[in-house]
Amino acid sequence: IPGRGLFAPPERFDRGRFTEADVARTVTETAVAILQARGEPARTERLLGEILVGLDRAGHLRRLVAPEVDGSGAAGDGDAGGLSEDRLRRLLDRNADRGPAGGPDRASGSPGRTIPDPDQEPDLKPSLRSAPGSLRGLPASLGRESVRAPEVAVAADRVERLLALIRAELARPDHRRLKEIEPGRWWLTDRDDVSGAALPLADRVEWSVFSLLSTAGRLSEGAFNERVAGLFTGHDLPDEALVGACLESYRSLASTPDQLLTSDDLLRRSQEHSELIALLANLGHKLGLRVWISSREQVHRLGRRNLAAWLDDSEFRGGPPHVGKARSEAIDQVDVTWHFRARLTMTFEVEWTAMLGEPLLRRGGQIPPDPDLVRFLVVAPERTELLRYKLERSPLLRSALEAGNWHILKANHLRAFSEREQPMLADLEPYLGLDPQIERQPSEQTTLFGG
């Protein structure tokens, strides 16, 4: 690395000085890279281990434990008994890896492997508090090692200093790339960083669960957990609750612990998707609204016709409607759009999975909120509990749902509404939501658009 001073010679990478500015830069770069790779917010405890690895690879741990050298080349007081880099790593590991460990992995079935739940991982602060038999919050087991008390004290000070630097950089008020969207949960702020993020880990886990159940043949629950654990490792390691929620959503009632089955079939679901789009087009016309079907969906066949046949000539000529500041290309990405002149626009995304990253965050994020825009997410009723779990798990999805004026409509309720003799928009509200009013109090009627 460049030496300090205009005429100073270059220094060896591992002999450079430990500086807080360099540590802060590495903390940010590592946290951003991990969040981009996961594609969803993460808790501090989830980021900490990867940040420590990033600091180690950048040489900061080596420089942290390096003896302070005075002008004569002799080690100064900073050596404090010769604290080794390996010993500091062990102390950091003990403070970073306080999650559930040691027992058999309930998700994979293999001893010593655990898919942790980030919501159950401990806070950083308790790991540094004093405990019986420990010194300055270090593990009691450290006392069984042949370590001198001054060395342990210096180690504790350095661990505390490093963790304090990490916490301070993550929570810096003027941070331009990271933000705490919930207490202890972090996400990206820079537009370029967000655009470079992968699909949410929860969506990738869900698709992997469906793919395994539908293509892996005879698969026991234990073998299934082993396969999932092999697909996601490192920073992509999912928590056990997520894997369990996906499995519960896709396994059929005929499943047993020795053989997992699914009733979901990709071809049948694709056919159902086209049927719902055609139903929405017919319903829009029945309500006296103009309709647009996404160009990518128009080429799909339903029976002997393409879905484009559900649009009349004037709708073809008009193309996607204009909605506020949204580009027509963005509106064309939505499955179905209803519009009434320039006064009201309703968009419908039809999904048979609970994968919300694409419709809500990516395609939905390209269409700015507008007072005259109402959005609907048409979902399979079988995904109700998985959707509920994902929304409770992700503040990013909850925020997008609220900010975008999204409403959830189950496919079975859409069909029931379309079969009404004279459907009216004002009568749609009891059908909306994960727990719609029609499932709880069918006799009560309210209005969606103020009558």
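Student: What makes you say that the charged end of R305 sits over the ring of W310?

Tutor: The rule wants NZ of Lys or CZ of Arg within 6 Å of the ring centre and within 35 degrees of the ring normal. R305 is 4.1 Å from the centre of the W310 ring, so its distance falls within the 6 Å limit. R383 does likewise over the ring of Y250, at 3.9 Å from the centre.

Student: What kind of model are these values from?

Tutor: It's a predicted model: local features need pLDDT of at least 70, side-chain atom pairs count only at pLDDT 80 or more, and totals for chains, interfaces and linings use all residues. Residues are numbered from 1 along each chain as its sequence is written, and side-chain values use heavy atoms, leaving out hydrogens and water.

Student: How many aromatic pairs does the rule give?

Tutor: The count comes to 7. Rings of Phe, Tyr and Trp (its six-membered ring) pair if their centres lie within 6.5 Å; planes under 30 degrees apart are stacked, over 60 edge-to-face, and the rest tilted.

Student: Why is the F348 and F376 pair called stacked?

Tutor: The centres are 4.8 Å apart and the planes differ by 10°, so the pair passes the 6.5 Å limit and the angle is under 30 degrees. F348 lies in strand β8 and F376 in strand β9 (residues 373–379), so the pair ties together parts 28 residues apart in sequence. Helices (H or I, at least four residues) and strands (E, at least two) are DSSP runs, numbered from the N terminus.

Student: And what makes the F417 and Y431 pair edge-to-face?

Tutor: Their centres are 5.5 Å apart and their planes sit at 70°, so the angle is over 60. F417 belongs to helix α17 (residues 411–418), while Y431 is in the loop between α17 and α18 (437–440), so this pair links parts 14 residues apart in sequence.

Student: Why is E351 called buried?

Tutor: Buried means under 20% relative accessible area, exposed over 50%, and partly exposed in between (1.4 Å probe, protein chains only). E351 comes out at 18%, so it makes the cut. You'll find E351 in strand β8 (residues 344–351).

Student: What makes the link between the side chains of E351 and R363 a polar contact?

Tutor: A polar contact is a pair of N or O atoms within 3.5 Å; within protein, one must be able to donate a hydrogen and the other to accept it, and residues adjacent in sequence count only if both atoms are side-chain atoms. Here the distance is 3.4 Å, so it fits within 3.5 Å.

Student: How do you know that β7 and β8 pair?

Tutor: Strands pair if DSSP finds at least two bridges between them. β7 and β8 have 5, running antiparallel, so they qualify. The bridge partner of W338 is M346 in β8. On another side of the story, 4 bridges join β7 to strand β4 (residues 290–293), also antiparallel, with R290 opposite H339.

Student: What makes β7 largely enclosed?

Tutor: Of the 5 residues in β7 (residues 336–340), 4 are buried, so the rest of the structure largely encloses the strand.

Student: Last one: how do you know that the length of helix α2 agrees with what's expected?

Tutor: The expected span is 1.5 Å times one less than the number of residues. For the 14 residues of α2 (residues 44–57) that should give 20 Å, and the end C-alpha atoms are 20 Å apart, so the two agree.
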